[in-house]
Structure formats: C-alpha cells, structure tokens
Amino acid sequence: MQISYTIVDSALDRLLVAATTRGISMVSLGDSDSYLEAELARDYPSVELIRDGSMPPEWVDTLVNYLGGQSSNLDLPLDVRATDFQRQVWQALQAIPYGSTSTYGEVARALGYEKTAARAVGHACATNPVSLVIPCHRAVRNDGSLGGYRWGLDRKRALLARERSRSLLFV
DNA sequence: GCCAGAACTCTGG
DNA sequence: CCAGAGTTCTGGC
C-alpha cells in the first residue's frame, strides 16, 4: 500500500496532506516539514510514503483556500482507519457549523450517550488524523475553556478566531 | 495477554 | 473537591 503526501505553505504554518487513491488519510499542521513527515511515518509505519506523489490537486487547493478564508466548507473523500465510535464522533463534529463551537458533552449527548461519554469523545477527537476536515478544534469544554488540541492550543485558538471573524462575511 | 491508568470531559454528591 | 461514567491506547507485569 502506498500513500502520497505533499507539504505546502498555508495561512497557518506548514500544511501536510496525505492521501491514498481513495481519499485523504491525514491532514496536519506543523512548524517544520521534518516534524510533519515524522508524524506521518509514525502513524503509517508499514506504508510506502511518496513525497509529492500523484494526488488530485483540488484536494490540496480546497484545504489551502479553507485556511486562507476563501471557502467555508470542506467536502473531501476520506480514507481513514477508525473504529465505529470514532466515526460517529467525527460525523457529529462535522455537523458543527463554521464559526461556532460545541462541547464534548453535547457531542456525547447527540450520539445518545447521555453525556457520560464526554471523556471518550475527547479521546476520539484526540486521535483524529484529519484536522480541518474533521473540525475537532470546534469542540471545547463545557466551562468555556478550550480544553486541549492535538496540534497545539495556540493553533486551536487561532483557527477558532479566524473562523469566527470570517463567519460574519459568509452570512 | 491482562490489568491499571491516562487521554482535548462532565455531573452529582 | 472527589469519584465515576464510555472508549481506546500504552506500559508494566
């Protein structure tokens, strides 16, 4: 099995996009190319990774435009390994509209877990390999604080601030 | 393999 | 403030 990936500049640091022939398997943000490549290699140890391999250019364009603020919705094919529970959580996250936030407890309740599973939801978010496409940055804690973020709290803060200000333009 | 503890949490006592 | 709830992963034995 092979995965093609590319690393480009975006409005928010370096952006890595990795994909199989079927869809996107990883989207990540980071300060350096080597860090992003190491992260990818760790997640797919037994896979051949091809830098700048063939991948539909519109997949990368869509993400770059999204970060640049030219578009507000991501509709991309995903090819991600996940358990049933993770898939449910991620689907619920994608239902959160651009520019707004939800809480881990609300997501749990939406899935029928009566908010006892908030912690499980948090963990499912933490293992989401596809930032931006699955907007785990739009999930915050019930008391208003941001909770944590796999790619760094500063990036979560920055993403939310950008989305909030741009959502006004899209109305 | 098994069990305990942690991970981007929340509620009730 | 503490414990417990639901899922997955990791590290120690």
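Gln86 is in contact with Arg81, Ala124 and Thr127, leaving aside its neighbours within four places in sequence; contact here means heavy atoms within 4.5 Å. Gln86 lies in helix α3, residues 84–94. Helices are DSSP runs of H or I with at least four residues, strands are E runs with at least two, and both are numbered from the N terminus. Gln86 counts as buried because its relative accessibility is 16%. Buried means under 20% relative accessible area, exposed means over 50%, and partly exposed falls in between, with a 1.4 Å probe and protein chains only.

A word on the model before we go on. This is a predicted model, in which local features need pLDDT of at least 70 and side-chain atom pairs count only at pLDDT 80 or more, while totals for chains, interfaces and linings use all residues. Residues are numbered from 1 along each chain as its sequence is written, chains are lettered from A and ligands numbered from 1 in the order in which they are written, and side-chain values use heavy atoms, with hydrogens and water left out.

**The two domains**

Chain A is assigned domain 1 (2–67) and domain 2 (84–170); the bounds come from an automatic or database domain assignment. The centres of domain 1 and domain 2, taken over C-alpha atoms, are 21 Å apart. Across the boundary, 17 residues of domain 1 are in contact with 15 residues of domain 2.

**The surface near DNA strand B**

There are 17 residues around DNA strand B, and Tyr104, Arg119, His123, Asn142 and Gly148 come nearest. A residue is near a strand if one of its heavy atoms lies within 4 Å of it. Of the atoms of DNA strand B that come within 4 Å of the protein, sugar and phosphate account for 52%.

Several polar contacts reach the bases of this strand, a polar contact being a pair of N or O atoms within 3.5 Å; within protein, one atom must be able to donate a hydrogen and the other to accept it, and residues adjacent in sequence count only if both atoms are side-chain atoms. A polar side-chain atom of Arg119 sits 2.5 Å from a base nitrogen of DNA strand B. The elements that give two or more residues to the surface near DNA strand B are α4 (104–110) and α5. Helix α5 gives the most, with six residues.

By class, this surface has six nonpolar, six polar and five charged residues. Ala, Val, Leu, Ile, Met, Phe, Trp, Tyr, Cys and Pro count as nonpolar, Asp, Glu, Lys and Arg as charged, and the others, Gly among them, as polar.

His123 is found in helix α5. It counts as exposed because its relative accessible area is 54%. Along the chain, His123 and Arg157 are 34 residues apart, and their C-alpha atoms are 19 Å apart in space.

**The surface near DNA strand C**

Around DNA strand C you will find Thr83, Phe85, Tyr113, Thr116, Ala117, Arg119, Ala120 and His123. Sugar and phosphate make up 40% of the atoms of DNA strand C that come within 4 Å of the protein. Helix α5 (residues 118–126) gives the most to this surface too, with three residues. The classes here are four nonpolar, three polar and one charged.

The table sets out polar contacts with the two DNA strands.

| Residue and atom | DNA partner | Distance |
|---|---|---|
| Thr83, polar side-chain atom | phosphate oxygen, strand C | 3.0 Å |
| Thr116, polar backbone atom | base nitrogen, strand C | 3.2 Å |
| Ala120, backbone N or O atom | base nitrogen, strand C | 2.2 Å |
| His123, side-chain N or O atom | base nitrogen, strand B | 2.9 Å |
| Cys125, backbone N or O atom | base nitrogen, strand B | 3.1 Å |

**Strand β3 and Gly30**

Now for a part of domain 1. Strand β2 (residues 14–19) and β3 pair in the antiparallel sense over six bridges; two strands pair if DSSP finds at least two bridges between them. A hairpin joins β2 to β3 through four residues, and Leu16 stands opposite Ser28 in β3. Strand β3 is mostly covered, with seven of its seven residues buried.

Gly30 lies in strand β3, residues 24–30. Gly30 counts as buried because its relative accessible area is 1%. Leaving aside neighbours within four places in sequence, Gly30 is in contact with Asp13, Arg14, Tyr35, Leu36 and Arg155. Gly30 and Ala11 are 19 residues apart along the chain, with 12 Å between their C-alpha atoms.
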